[in-house]
Amino acid sequence: MINERLPKIWYGGDYNPEQWDEKTWDEDVRMFKLAGIDVATLNVFSWALNQPDEETYDFDWLDDKIDRLYKNGIYTCLATSTGAHPAWMAKKYPDVLRVDFFGRKRKFGARHNSCPNSPTYRKYAERLASKLAERYKNHSGVLIWHVSNEYGGYCYCDQCEKSFRVWLQNKYGTITEVNKAWNTRFWGHTFYDWDEIVLPNILSEEQPGEVSFFQGISLDYRRFMSDSLLECYQLEYNAIKQHTKDIPITTNLMGTYLELDYFKWAKAMDVVSWDNYPGIDTPESMTAMNHDLMRGLKSGQPFMLMEQTPSQQNWQAYNALKRPGVMRLWSYQAIARGADTVMFFQLRRSIGGTEKYHGAVIEHVGHEQTRVFRETAALGTELQHLSEQMVDARVHAKVAIVFDWENRWAVNLSSGPSIALDYIEEVHKYYAAFYEQKIQVDMIGVDEDLSKYEIVIAPVLYMVKKGYAKKVETFVENGGTFVTTFFSGIVNENDLVTLGGYPGELRQLLGIWAEEIDALHPDNKNKIVIKEKTGNLQGQYECNLLFDLIHAEGAEVIAEYGDDFYKGMPVLTKNAFGHGNAWYIASSPDDTFLNDFVSSICEDKNIKTLLQADSGVEVSERTKNGHSYLFVLNHADESRNVYLGESERTNLLTDKIQSGTISIEAKQVMILGNQQLGDL
Amino acid sequence: MINERLPKIWYGGDYNPEQWDEKTWDEDVRMFKLAGIDVATLNVFSWALNQPDEETYDFDWLDDKIDRLYKNGIYTCLATSTGAHPAWMAKKYPDVLRVDFFGRKRKFGARHNSCPNSPTYRKYAERLASKLAERYKNHSGVLIWHVSNEYGGYCYCDQCEKSFRVWLQNKYGTITEVNKAWNTRFWGHTFYDWDEIVLPNILSEEQPGEVSFFQGISLDYRRFMSDSLLECYQLEYNAIKQHTKDIPITTNLMGTYLELDYFKWAKAMDVVSWDNYPGIDTPESMTAMNHDLMRGLKSGQPFMLMEQTPSQQNWQAYNALKRPGVMRLWSYQAIARGADTVMFFQLRRSIGGTEKYHGAVIEHVGHEQTRVFRETAALGTELQHLSEQMVDARVHAKVAIVFDWENRWAVNLSSGPSIALDYIEEVHKYYAAFYEQKIQVDMIGVDEDLSKYEIVIAPVLYMVKKGYAKKVETFVENGGTFVTTFFSGIVNENDLVTLGGYPGELRQLLGIWAEEIDALHPDNKNKIVIKEKTGNLQGQYECNLLFDLIHAEGAEVIAEYGDDFYKGMPVLTKNAFGHGNAWYIASSPDDTFLNDFVSSICEDKNIKTLLQADSGVEVSERTKNGHSYLFVLNHADESRNVYLGESERTNLLTDKIQSGTISIEAKQVMILGNQQLGDL
Amino acid sequence: MINERLPKIWYGGDYNPEQWDEKTWDEDVRMFKLAGIDVATLNVFSWALNQPDEETYDFDWLDDKIDRLYKNGIYTCLATSTGAHPAWMAKKYPDVLRVDFFGRKRKFGARHNSCPNSPTYRKYAERLASKLAERYKNHSGVLIWHVSNEYGGYCYCDQCEKSFRVWLQNKYGTITEVNKAWNTRFWGHTFYDWDEIVLPNILSEEQPGEVSFFQGISLDYRRFMSDSLLECYQLEYNAIKQHTKDIPITTNLMGTYLELDYFKWAKAMDVVSWDNYPGIDTPESMTAMNHDLMRGLKSGQPFMLMEQTPSQQNWQAYNALKRPGVMRLWSYQAIARGADTVMFFQLRRSIGGTEKYHGAVIEHVGHEQTRVFRETAALGTELQHLSEQMVDARVHAKVAIVFDWENRWAVNLSSGPSIALDYIEEVHKYYAAFYEQKIQVDMIGVDEDLSKYEIVIAPVLYMVKKGYAKKVETFVENGGTFVTTFFSGIVNENDLVTLGGYPGELRQLLGIWAEEIDALHPDNKNKIVIKEKTGNLQGQYECNLLFDLIHAEGAEVIAEYGDDFYKGMPVLTKNAFGHGNAWYIASSPDDTFLNDFVSSICEDKNIKTLLQADSGVEVSERTKNGHSYLFVLNHADESRNVYLGESERTNLLTDKIQSGTISIEAKQVMILGNQQLGDL
């Protein structure tokens, strides 16, 4: 449980009383209560208020707000407000300002704007966190610490350049090792001195859009920047922990955000929290994958939904309203996949600034007679009724999909074979196939223990880190099913190619050799021709993007290409290895193939769908103390059927007992509980 | 009349004799006379010639040109040539050079390149204007002063930053007021000192494409820059006036040019002039709207068409020739809408530089045996015959459309709800509906007196300035018809939301409340379903872009949405208020709706079409001393009909008396005069 | 012959042993021999290795490589490695770093990165070339010198600015002449001092995409930069020649690369070499045109194919594999058009850096059991069998197409009439028509002697250089057929318009006057209506892009426009001049027109197809000592027919004697030799 003080699904969100007057504060509290809100995130962007100059700190306003809320039964998620430095600091200490990718020294403005290696920033951010922790360490209203906000962005200033060199020295020891790791004899880039190394941006090795002329340095720079920002977080974390050991600490992440290695970050967080902002065209399965990934960051520990909008966003191209019921539906989607909080940005809309058209529980009109408020309040009430039964329940999966930020960076930075290769898209294709079949998946990092899974899928496992091939071999030897794809096993952690034939370290496990990799425009399709019916695979399918020209070296050829000069070469192979099997999919297949493929390997492993339901219905399960909670979410615009069969389940939202074929209305949610959980 | 010395429609254009030799000058004069040219704009880009170094001025060449022209009956529009500083000045005083949006200090090059807050630029520009005025104050050949050229562009240098702080101090008095006006507690942007404020560009608060993270500062910066450039103009204006009180002063504007608040500028101009460069795909109604807007800048006072091309441009993507007759047609379009001059860029084509492929009266071939020259000369002759009867005639309208630069900036800078919202497009949609029905419209600013109008339309009146709601209420109370649309009444002059429900200050007048604003991709359409036939409105229409979810609070619901979850909610309402009505159009309707809507409200007000004519025919009317001049312009590629009915009119271009149904050839023009003007 | 030491078609490519260890070197040599490789290009990017600091030089590693290869019968193409400076040099002497188009000083990174006017770069590049030449001047393994690599890119630093002013002084003598040449009175740009002139980039006169506000300075800057880089080359060339007079020197060019005037460069090269990287959509005729252009640089002298990929590239969007047979096919295409070498980038794939996914003879798998190696080895064997019979054979053409870099720059920089005008595309259209008809063409510069040709085609001869009109007149007077197009004869070498009517200096020769130039969106087509059948021209065709409105002034009108207001005006004219004819094509015609037009003028001149063959089959001929070698290349995906008729030819690749109709398989090649060559 995140904090025993509030043993339920927390409900609330970002709250900026400092932008309002006393009269509004009273009205806020009245309306929060109406809405069943019990947590407010305070102090997210108030550094300039907390510290009006270098020596002065002023928390009186904050005392008042925390007290006022607590007296009304509302807890505080207390932010440290270091996500944007004060204007006076930028003026007095320009070292807090970043230099951008184009080498431009920035001025004061926007947010998430501090150089992570700025001594000034680090000093004052740490000090502010310390002062806040000291002041509120004993306040019963404080539920959790929220360090900074949505860490992100890179910096290219001189102090970062110097820090990068130190980081490299710590990692490599000698310049010779750097030269080796980056293969600097290519293009005559040999370094003789640490000071010759400059940051990779448009002035040196990179172009916009993750294009690099030297992958080694670009990859290490990303690791360094992710670490630099993490150090900033860690400084605040440590400062807080010195005062308040028992209150958990988090910072809000952003799903598959590109720039930070969240698996590394999660290790430094007491609980993962994240901000969920799907766009107008985001598939529900992509949102589900993000939730599963956030849950996976700490090996399944429940996480916080820190932000979502109650209605619309402001920063998308077309900021559609969430249709009636959708806010509730998506809130339950988060809970279904491991969230123990439902929180909004924002509780009350600002009147000025760039987010004034971002949805809020309390709209500009100011009263409760709005659709948005009604929906919010209804959900608040519902969540209170659900009580604590679901809190801390876990999600169990027999299938894992591997996701790795460093691998993703390397894939992005790779010059060739195709600009159309998108790591997230490829991972999502596999995820979506399981999602469609209502089979639970864990999104795992490369450090995760594999022994708890029956099936492990690692799409585009381009970079094979030290020891990982062995780990996968052990998994398969012990009976596991492993699946990987084209453009896998190519490089080591430094983006240096493993010689001796692709897929490198995975070659023996997979029993194949990929001789060449063809890349065509995505509109150019080839065929996957199944040789003879295998599980649910039969006939032919389509594939595109990349085409490995592989030779079976022990693997069984399940399907061949149907076109082009490599017609008849294998496109799908299965290699028996120990007690398990290792599959290789040599191109990017269509959804039909993936559904048939996924159902086949699941049947092999006797992994069953959580619940039979029509397309458009999402199903997920959380379990706790032997109880199962099946979440059934109808994302479709019409009603759909769910097939419970013989089994009897209680819909916790209606207390109705259900069995057989039941209809679920558009955008509706069911939470089907059992009395006793079976074989978990 | 602009200047009594030339009591006719002036005819001429930009002339750069300094690029040519004596032999050419003689030839120029010969051909100007052939073409009926009586005004030449001199000295537009000759600063380097007028002032070869810091202390030397040389106007001998200019004396000769003005004299030479005057002796041949050609007047001078005398420019001050401060639109581009000399290279020596940029070298010696780099403060004249701008810093661009990306923070880059520019070097010498291009034009319209001077920092408006450069002390050097201001000093020497003012001095040059003064010297010219002193020298030519008594020259009978000088008709009008032309200050600088096409003012525009912004600067982001340190001296502009300092001036911005002074501008803010003058406007707000205290930093506390600034913080309030910009709502700086959002994102912790509180300023404690003026020097902490930096200009909003890519280094601080903005991104390319009118994207800002802080609308308040971005809005004030635009006002400040418009004012800064205006101050430059004003310095020259004052310097000239000290010497020549009687000669009018102008500077050439550019229609709906984004960066300057022309309503404010026009106050400082004796006469408005502008450069009309429609692109290959510009609708004629857009050009008409631009003319009407330029006329509206000084409340209907006739304006100058300072520049248009006789044939083609050089700076568009595809520089199509003006088809035969089109130059004449478009020249009369300007006159029809209030222009008292027809002037070209340029009289003779340069042989080098970026505009050498821009059309000219005298082409590179050099002689008069060209289509372009023949058309130019024919028009020159025609304009001489028209004599002075039309000069100073006014355009009268019962309908006004509100146009406001500050509102436009605020709409552009708004983050959300939709990137597809284009203020100009929305205004033009309404304008085009009146244009199609041959009903005269005034384009007015927010300072304009409304009492002279029957109908006032303010599309997307997002920003409601102090007192404007009251002004509109009075207008409606007194019987006026007011129309506004979605996304109106939202903010005050500082882009701070008016609380208490959209459309804010307009809510009572309109009798509605807009609870939410949906934004969808423009391809997603909804329906406007008319409840029962109202005027010409019946059946259903389409709308898209934004969709206000409104509740009638007293207003009559004329139409409802036909789709989506707000099906059945009002999309068109009409509120009786005092003796008038206030309409609200909650989405962006299709053209059919607008035609039916506009004809309905005009019928209600007994506002009639100027003249029945087929589609493709533009009609406008100027009146003077009880005479009416109906301009009939056939923009179509085939002949069209015009229905005069019983009334008899004289075509001033042919002296033919017309009545009944008459045919007008493709690209042809008629000016139909009456003996005596009726009820004006 | 490039070098008598290896009297055959050289076969090899770029080789980077410095990235590998001894074991690999042995394996390399073994595999090179298997593949028939006899040339390896060494030391391309090894400056940092050759010169680890300012005073130390280390060539031991290079000694070993050259010796090792030579002992195994493999020659060295020895690069000077100045294509990328060492990191230590960038650190110690930042003057070697470029400033980019946006005014940004670069840091160390990428390649082709040295400021061409950097004193440091010039000093050390020259010194390195000298040291290499001194060391290897007597090494029998060195076949040719390869200076730097793929020269290109521009610099905008202060030292370049100063050098530009000196370059201008040398060219123009006085600032008055500069002002005249650039027409600086336009926009008041008059310069009074050399130091007022700044480089044209985004900070002054240009915008990205070859957009300039002042064509004169932009044109001279391009000449200056091409010269600056050429001076760098020349410094190394001279340094080498001082030591090794007999070994030829080259640098690898890049076909129609925009930034350098290769005709000027070629004069300084002993032999032309170039890198051929067609993209996935490049037409074969475009590649052929590039080869012909490279051959034309030195008036037909055989050239080197310095680089091509054996399989795929890494830097294109979609890096498709070369299909089976295509590498061989395209290698012969190079030979067919004058190449005496077939060389690859690269012999062994790197394991790290941006080109690790660029194809190589030895792939990452490391052994010879790959498709790519097998194809490479087969071609190596075949080339050894061909022996020296073809080496130094010439290509003879009766048709020349004029290509001029300065003209191209001027066309690109021109503001108007159409952004869709692409000089390369227009030239290629004409080239492709001859290619389709298997008629040999020379691509020539403006310095080339015209008397050897029957037909000279100069598409878009916008810039007519001093004396060139006279030269063409003489050619036509003597019986030649000259063809030019719209937008020709407009300006002189300074981009100043020739007054008196387009096409300026060509007007008399062509017997026409172009009164106006219309520009429409390329989707807007007009018709070319042939008045009466002329040669193969009859009926009507389409044209688009630009439309000159011409008047015949003595020329015969062959075709007229079929649409628009210039319907009936000439679009194709033919002017008898002396003993020849001068054609003018006033718009951009479709391919059908061009085929009919080209066949007509060839028939007039009795120029015959080299060989009748189906479409998709390319034919070219080289001749030597009275022998003819007809290359027949089937680019199609199916077999095609070739029609030898009565004549008997020997296929040198099979020793089979061929006559009559013969079939050639997809991607196959024939080299048809004769016993005795006829009338050459």
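**Domains, sheets and symmetry of the predicted model**

The UniProt annotation "domain: Beta-galactosidase C-terminal", taken from an unreviewed entry, covers residues 616-666 of chain A. In this predicted model, the stretch 616-666 of chain A is 59% strand and 0% helix, and its end C-alpha atoms lie 10 Å apart. UniProt also places the feature "domain: Beta-galactosidase trimerisation", again from an unreviewed entry, at residues 397-607 of chain A. Residues 397-607 of chain A combine 24% helix with 31% strand, and here the end C-alpha atoms are 10 Å apart.

We may turn next to the sheets, beginning with chain A. Five strands of chain A build an open sheet, arranged in the order 24-25-30-27-28 with antiparallel pairing. The edges are occupied by strand 24 (617-624) and strand 28 (656-658) of chain A. Each of these two has a single partner strand, so one side of each is left without a neighbour in the sheet. From one strand to the next, the twist averages 30 degrees. At one end of the order, strand 27 (residues 649-651) of chain A pairs with strand 28 of chain A in the antiparallel sense, over 3 bridges. Within this pairing, Thr650(A) stands opposite Ile657(A) of strand 28 of chain A. As a general point, strands of a sheet pair through backbone hydrogen bonds, either parallel or antiparallel.

A second open sheet can be followed in chain B. It consists of 3 strands of chain B in the order 23-26-29, and the pairing is antiparallel. Strand 23 (612-613) and strand 29 (661-664) of chain B stand at the edges; because each has a single partner strand, one side of each lacks a neighbour in the sheet. Strand 23 of chain B is joined to strand 26 of chain B by 2 bridges, and the two run antiparallel. Ala613(B) has Val642(B), in strand 26 of chain B, as its bridge partner. On the other side of the pairing scheme, 4 bridges join strand 26 (residues 640-643) of chain B to strand 29 of chain B, also in an antiparallel arrangement. Val642(B) has Ile662(B) of strand 29 as a bridge partner, and Val642(B) thus bridges to Ala613(B) as well as to Ile662(B). Arg640(B), in turn, stands opposite Ile664(B) in strand 29 of chain B.

Helix packing can be illustrated with a pair from chain B. The axes of helix 1 (residues 22-34) and helix 3 (residues 60-71) of chain B come within 11 Å and cross at roughly 30 degrees. The crossing of helix 1 of chain B and helix 3 of chain B is right-handed. Helix 1 of chain B contributes Glu22(B), Trp25(B), Asp26(B), Val29(B) and Phe32(B) to the contact, while helix 3 of chain B supplies Asp64(B), Lys65(B), Arg68(B) and Leu69(B). By character, the residues of this contact divide into 4 nonpolar and 5 charged, with no polar ones.

Finally, the relation between the chains was examined. Chain C is superposed on chain A by a rotation of 120 degrees with 0.0 Å of shift along its axis, at an RMSD of 0.0 Å. The two copies are therefore related as by a three-fold rotation axis. In chain C, the C-alpha nearest the axis belongs to Arg104(C), 5.4 Å from it. For chain C on chain B, the superposition likewise takes a rotation of 120 degrees and 0.0 Å of shift along its axis, with an RMSD of 0.0 Å. For this pair, too, the C-alpha of Arg104(C) is the one in chain C nearest the axis, at 5.4 Å.

Definitions and conventions. Residues numbered from 1 in each chain as written. Chains lettered and ligands numbered in written order. Predicted model: local features only at pLDDT ≥ 70, side-chain atom pairs only at ≥ 80, totals over all residues. Heavy atoms only, no water. UniProt positions renumbered as here; feature names shortened; annotations may be inferred. Pairing = 2+ DSSP bridges. Axes fitted to C-alpha atoms, helices over the stretch in contact; angles between N-to-C directions. Left-handed = near helix turned anticlockwise from the far one by under 90°. Contact = heavy atoms within 4.5 Å. Nonpolar A, V, L, I, M, F, W, Y, C, P; charged D, E, K, R; others polar. Least-squares fit on C-alpha atoms with pLDDT ≥ 70 in both.
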